Amino acid sequence: MNGSLIQGPRARRMTLFNLFAAVVVTAGLVVLVIRFSLGLGATTNLTDSYPWGLWIGFDVLCGVALAAGGYTLATTVYLFGMEEYRPVLRPAILTGFLGYLFVVIALLADLGRPWRIVYPVFYSYGVTSVMFLVAWHVFLYLTCQLLEFCPAIFEWLRWRTVRQWVVRLTVAATIAGVILSTLHQSALGALFLLAPTKLHPLWYSPLLPVFFFVSSIIAGLTMVIFESSLSHRVFRHQIEEKSAASIDRITLGLGKGAAIGLYCYFFLKWIGVARGQHWDLLLTPMGFWFLLEVLGFVALPCFLFAWGCRTRNAPLIRVTALLTVIGIVLNRLNVSVIAFRWNEAERYVPHWMEFVVTAAIVTVGLLTFRWIVNRMPVLHEHPDYRGAH
Amino acid sequence: MERRAFLTIGATTAAATAGRAVASQSPTTTHRCKAMLFDCTRCIGCRACESACAEQLGLTRPASDDGLYRRPDRLSSNCASFIRAYRSDDDEEWSFVRHQCMHCLDPACASACLVNALERTPEGAVIYDESKCIGCRYCMIACPWDVPTFEYDKAVPAIRKCPFCYEHVSKGEAPRCVHVCPTGALEFGDREQLLGEARARIAREPDRYVHHIYGEHEAGGTAALYLAGVSFEKLGLPANIPTRAYPEFTKGFLNSVPLVILMWASFCTGLYWFKQRREEVVTAAHIATPEGEERQP
């Protein structure tokens with residue numbers, strides 16, 4: 001399986017992964033045909049009480065959070081000037097860009113009338129809506145990320161002059177990207193501010209935008225750790241010796257950042273509980289679920305990251321990164337699906353066809369990532385531009 | 001220079017946008033808007049209003065075989081309003097209640113809509129414009145009464161909700177449901193006047209009514225007002241709705257947007273200059289140092 005991924009464009013076509021991808025993507029396309037001919041009811045378990053399900057909760061909310069590596073790393077390298085993180089910057093920006101791109105694609109499946117997706121940008125402006133902010137920012141941020149990734153594309157195409165041009169825009173795109181990310185990551189949390197009676201009090205808080213923003217930084221850092229450890233395994237032949245050696249140091253550094261982020265996030269979550277005076281709710285079934293999220297997926301990884309950095313244990317950091325990513329996914333699903341209308345008699349459980357579409361979108365995302373990495377200078381530097389930033 | 005210009009334009013646009021957001025979010029004080037009062041104690045469950053509503057909106061009338069005690073438990077895209085009967089387990093209390101859009105004075109759904117497909121008219125009706133809707137269903141998340149419903153069974157779906165018979169109300173006429181009500185359980189008029197009437201009824205017959213006008217303050221006040229003889233919660237009208245107008249919940253966040261843009265823009269630009277300067281200093285130091293010295297440890 002690894003063989004095909006390593007050898008790039010001329011790899012073996014029939015591998016286990018490719019076979020699996022073909023099946024999942026075909027199934028996803030079939031489901032989408034049903035969804036667009038018969039309506040959302042035919043392929044989802046959404047109801048008037050649960051208008052948002054897996055496609056929003058996972059594909060959109062988790063997708064955006066986990067794509068935060070792009071802006072986190074761009075800030076680290078371009079604005080803080082921490083050059084040692086340069087080797088993981090391009091893959092992070094690519095992951096971020098593809099993450100957002102596939103969030104939008106997933107959104108097209110979920111919207112009632114997806115062909116109108118550009119309406120908030122070009123046609124009718126609902127400026128009182130947090131969703132309006134999200135729409136604009138995702139649109140602008142996609143553009144920024146494309147700009148940030150353009151140097152790699154133009155190096156691949158050997159368009160020297162255009163590349164030169166785009167590189168000059170990188171810093172502007174990064175700064176705009178940080179602003180846009182801050183706002184729309186937090187805006188995704190702010191969406192739920194309008195549901196004070198529907199979201200469980202342990203998760204509902206005026207601080208929701210802050211929770212979403214801070215946890216997106218954590219998600220960005222841990223996704224870069226997770227993604228780089230995968231890349232270094234799967235695309236082994238592309239990694240230069242120099243960066244292969246530095247990856248452990250980078251992992252430890254990112255782990256330290258994640259530990260600090262989780263530490264802040266942990267206390268912020270408790271401020272949320274204290275603010276609403278909801279201590280009594282902690283001893284209810286939903287309270288135990290909340291404690292699992294905050295202790296098991298925030299406090300524990302925070303400790304493990306700190307421990308791993310002290311003992312310089314890169315493998316531990318990688319495992320902890322995965323744990324943290326799962327925690328972020330759990331948090332987003334809690335806010336949008338699990339703790340949303342927690343007291344309803346008939347709960348929403350995703351239809352199997354919803355899982356199929358989600359799996360298909362993730363698979364196409366991975367295939368696109370592989371396609372690009374096998375062609376463009378993402379994991380390695382282009383020989384013509386060695387050392388040129 | 002280019003960059004600075006770009007950022008300035010961005011910030012100005014955002015500030016202007018947020019400014020407008022604030023303006024249109026200010027609590028609607030048009031208490032002189034039209035409203036309807038539903039007095040549960042006067043309703044006899046004849047469901048004439050249901051038929052009129054279904055006819056007006058071109059919908060099928062909600063199923064009636066089960067009788068009034070087992071009705072649909074919520075609104076749907078085929079049903080913009082319905083009557084339900086409540087009966088306590090010991091048969092001691094009973095009441096009819098009508099479910100429909102509350103027509104908030106400052107509606108959550110309209111503030112949530114990113115394309116202005118939902119809008120409150122000066123008369124007090126919250127109406128929906130299908131031609132703008134993208135089907136994101138955020139209005140359904142936002143509405144505390146779960147009023148907007150979605151056509152999950154259609155390839156080209158839309159939101160459905162009670163439009164307060166806007167074509168009639170805009171001419172000063174009563175909506176169809178009020179028009180056909182034979183007992184006066186449903187009344188139409190100016191909101192202030194109906195509130196006065198409701199207060200008078202409670203004062204006149206304090207034993208008959210719960211001493212609360214549902215909708216007077218819920219979610220910042222609504223144009224649908226309720227009087228009842230049993231607690232509203234038992235009738236399916238949630239008691240935990242905040243009295244704050246819903247747009248207030250996101251106002252703070254939206255107002256902070258221009259500030260965040262300005263702060264982040266200057267902070268990030270500052271960081272970048274700082275980084276550049278540091279690199280310049282390092283480079284200058286390298287040039288200044290003679291090569292021979294540099295090689296020494």
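How many residues of chain A are in contact with how many residues of chain B? In this predicted model, 63 residues of chain A are in contact with 63 residues of chain B, and that meeting of two chains is a good place to begin. The size of an interface is often given as the accessible area lost when the parts come together. For chain A and chain B the buried area comes to about 5,400 Å², and carbon and sulfur atoms give 64% of it. On the side of chain A, Asp48(A), Thr128(A) and Leu194(A) supply 15% of the area that this chain buries against chain B, which is more than any other three residues.

The interface can also be read through its individual pairings. Between chain A and chain B there are 31 residue pairs in polar contact, counting pairs in which both residues have a pLDDT of 80 or more. Several elements give two or more residues to the side of chain A that touches chain B, among them H2, H3, helix H5 (69-79) and helix H8 (130-157) of chain A. The element that gives the most to this side is H9(A), with 11 residues. Sorted by class, the side of chain A that touches chain B has 43 nonpolar, 14 polar and 6 charged residues. Charged groups do pair across the boundary, for the rule finds 4 salt bridges between chain A and chain B. Lys198(A) forms a salt bridge with Asp146(B), and their closest N and O atoms are 2.9 Å apart.

A single residue can show what such a meeting looks like from within chain A. Gly39(A) is found in the loop between helix H2 (16-38) and helix H3 (40-43) of chain A. Leaving aside residues up to four places away in sequence, Gly39(A) touches Ile34(A) in its own chain, and from chain B it touches Tyr152(B), Lys154(B) and Ala155(B). Is Gly39(A) buried or exposed? Its relative accessibility is 0%, and therefore Gly39(A) counts as buried. Gly39(A) also offers a sense of scale, since 200 residues in sequence and 46 Å in space, C-alpha to C-alpha, lie between Gly39(A) and Ile239(A).

Finally, the reader may turn to helix H4 (residues 54-66) of chain A, whose end C-alpha atoms are only 16 Å apart, whereas a straight helix of 13 residues would span 18 Å at 1.5 Å a residue. This helix is mostly covered, with 12 of its 13 residues buried. The buried residues of H4(A) include Leu54(A), Trp55(A), Ile56(A) and Gly57(A), as well as Asp59(A) and Leu66(A).

Terms used
Residues are numbered from 1 along each chain as its sequence is written. Chains are lettered from A and ligands numbered from 1 in the order in which they are written. This is a predicted model: local features need pLDDT of at least 70, side-chain atom pairs count only at pLDDT 80 or more; totals for chains, interfaces and linings use all residues. Side-chain values use heavy atoms; hydrogens and water are left out. Helices (H or I, at least four residues) and strands (E, at least two) are DSSP runs, numbered from the N terminus. The expected span of a helix is 1.5 Å times one less than its number of residues. Buried means under 20% relative accessible area, exposed over 50%, partly exposed in between (1.4 Å probe, protein chains only). Contact means heavy atoms within 4.5 Å. Buried area is the accessible area (1.4 Å probe) that two parts lose on being put together, summed over both. A salt bridge is a side-chain nitrogen of Lys or Arg within 4 Å of a carboxyl oxygen of Asp or Glu. A polar contact is a pair of N or O atoms within 3.5 Å; within protein, one must be able to donate a hydrogen and the other to accept it, and residues adjacent in sequence count only if both atoms are side-chain atoms. Ala, Val, Leu, Ile, Met, Phe, Trp, Tyr, Cys and Pro count as nonpolar, Asp, Glu, Lys and Arg as charged, and the others, Gly among them, as polar.
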